[in-house]
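Visitor: I would like a close look at a single part of this protein. Please take me through it step by step.

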Amino acid sequence: MTSVTVKELLNSDKPEELLEAAYPFAHLMMQYRCAMREVQTKLEVLNTELSMDQDRNPFESITCRIKKPISILGKLKKMGLDVSLENIERHLHDVAGIRVICTFQKDIYILADKLCAQDDIKLLARKDYIKNPKPNGYRSLHLIVEIPVFFAEGKKYMQVEVQFRTIAMDFWASVEHKIYYKKEIDRNTAQITEKLRLCAENINLIATELEDISREIEIQEEQDRPLA
C-alpha cells in the first residue's frame, strides 16, 4: 500500500478508515466488485433460463456485498497475518460475497451445479451445511469460486464466495443474527445452542414438507397434461 503503511494502520485508532482511503486497497475492492458482478450475472441468466422450464424462478432474491475494511483487518489479525494486499488476496476467500435465496433445496443444488459447470468458473471449495448442518442448526451451501475478469491492464482471476439458502434457512439465520447482534453473550452455551438447533430442525421439516407438496403437484400436472 503506497500512501498508507502497515505500521500506520496498526497504530491508528481507526485503521479501517485509513485502509479504505488507500488507493491500492480501493482498486482491489473495485476488482472484487467486478468479479462479484460477473458471477451475479451468470446466476441471473441461469435463473431466467431455468424459470422457463419450471414456470417459476429457482431463486427468490440475490444480494451482493464487499467485506468492510474493519472486517478485513479483523480477519487478518485473527489469522496472525500482516495487513497487505497480498495477504488479502491469498488468504481471504470471502471478500466478495453473493447470497442466493432459493425456494427449495433442490433449486440450490441445480443452480450450484449449473454455475460450477461453466467453463470459466473454477470451484475452489464447497461446504455443504445443508447435508451437514452446524451444531446450532445453521444450513447453507457455501461455494468459493474463481472467475477471470478482464480489466484494462489485462485478465485477472478473482475469488467470490457464493452462499445458497432456502427461504426457510434464511429466516432462521436472520433471526439468529438479530438475537446475538451486539450482545455480549456466549453463543456456545449448551442450552441456547440446543434451542437454536431444534428451531432450525423444525423449520427445515416444514420446508421439506412444502417441497414434497410442490413435487406432488408437479407430478399431478404432468399426468394431467394432454398428449400431443
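Visitor: Which element does the largest share of the lining of the largest cavity come from?

Guide: It comes from α8, which gives 4 residues. Before we go in, note that this is a predicted model: local features need pLDDT of at least 70, side-chain atom pairs count only at pLDDT 80 or more, and totals for chains, interfaces and linings use all residues. Residues are numbered from 1 along each chain as its sequence is written, and side-chain values use heavy atoms, without hydrogens and water.

Start with the whole chain. It has 8 helices and 5 strands (DSSP runs numbered from the N terminus, H or I of at least four residues for a helix, E of at least two for a strand). Along the sequence they follow the order α-α-α-β-α-α-β-α-β-β-β-α-α. The chain has 228 residues, and 39% of them count as buried (under 20% relative accessible area with a 1.4 Å probe, protein chains only; over 50% is exposed, and partly exposed is in between).

Now the empty space. Rolling a probe the size of a water molecule over the atoms shows where such space is left. The structure holds 2 cavities of 30 Å³ or more. A cavity is a set of points on a 1 Å grid over the protein atoms alone, where a 1.4 Å probe fits but cannot get out; lining residues have an atom within 4 Å of a point. The largest cavity has a volume of about 70 Å³ (the space filled by probe spheres set on the points, with points joined across faces, edges and corners). Its lining consists of Gly-137, Arg-139, Thr-166, Ala-168, Met-169, Trp-172, Ala-200, Ile-203, Asn-204 and Ala-207. Two or more of these residues come from each of α7 and α8 (190–224). By class the lining has 6 nonpolar, 3 polar and 1 charged residues. Here Ala, Val, Leu, Ile, Met, Phe, Trp, Tyr, Cys and Pro count as nonpolar, Asp, Glu, Lys and Arg as charged, and the others, Gly among them, as polar.

Next, the second largest cavity. It holds about 40 Å³. Its lining is Thr-103, Phe-104, Gln-105, Thr-166, Met-169, Asn-204, Ala-207 and Glu-211. So which residues are in both linings? They are Thr-166, Met-169, Asn-204 and Ala-207. Again α8 gives the most, this time 3 residues. The classes here are 3 nonpolar, 4 polar and 1 charged.

Follow Met-169 to a neighbour. Ser-140 is in the loop between β3 and β4. Ser-140 counts as buried because its relative accessibility is 0%. Leaving out residues up to four places away in sequence, Ser-140 touches Lys-127, Asp-128, Tyr-129, Ile-130, Gln-163, Phe-164, Arg-165 and Met-169 (contact means heavy atoms within 4.5 Å).

Gln-163 and Arg-165 lead on to the open space. The largest pocket has a volume of about 1400 Å³. Of its 36 lining residues, Arg-65, Lys-67, Arg-99, Gln-163 and Arg-165 are closest to the centre. A pocket is an open set of points with protein on both sides within 12 Å along at least five of seven lines. The helix α7 gives the most to this lining, with 6 residues. The lining divides into 12 nonpolar, 10 polar and 14 charged residues.

Phe-164 leads to the packed interior. The largest nonpolar core has 41 residues, and Phe-164 is among those with the most contacts inside it, as are Tyr-32, Val-39, Leu-43, Ile-88, Val-100 and Val-162. Elements giving two or more residues include α3 (23–54), β4 (141–151) and β5 (154–166). The most come from α3, with 10 residues. A second, separate core of 7 residues includes Tyr-138, Trp-172, Leu-196 and Ala-200. A core is a set of buried Ala, Val, Leu, Ile, Met, Phe, Trp, Tyr and Cys residues joined through side-chain atoms within 4.5 Å.

That brings us back to our cavity. Trp-172 and Ala-200 belong to the second core and also line the largest cavity.
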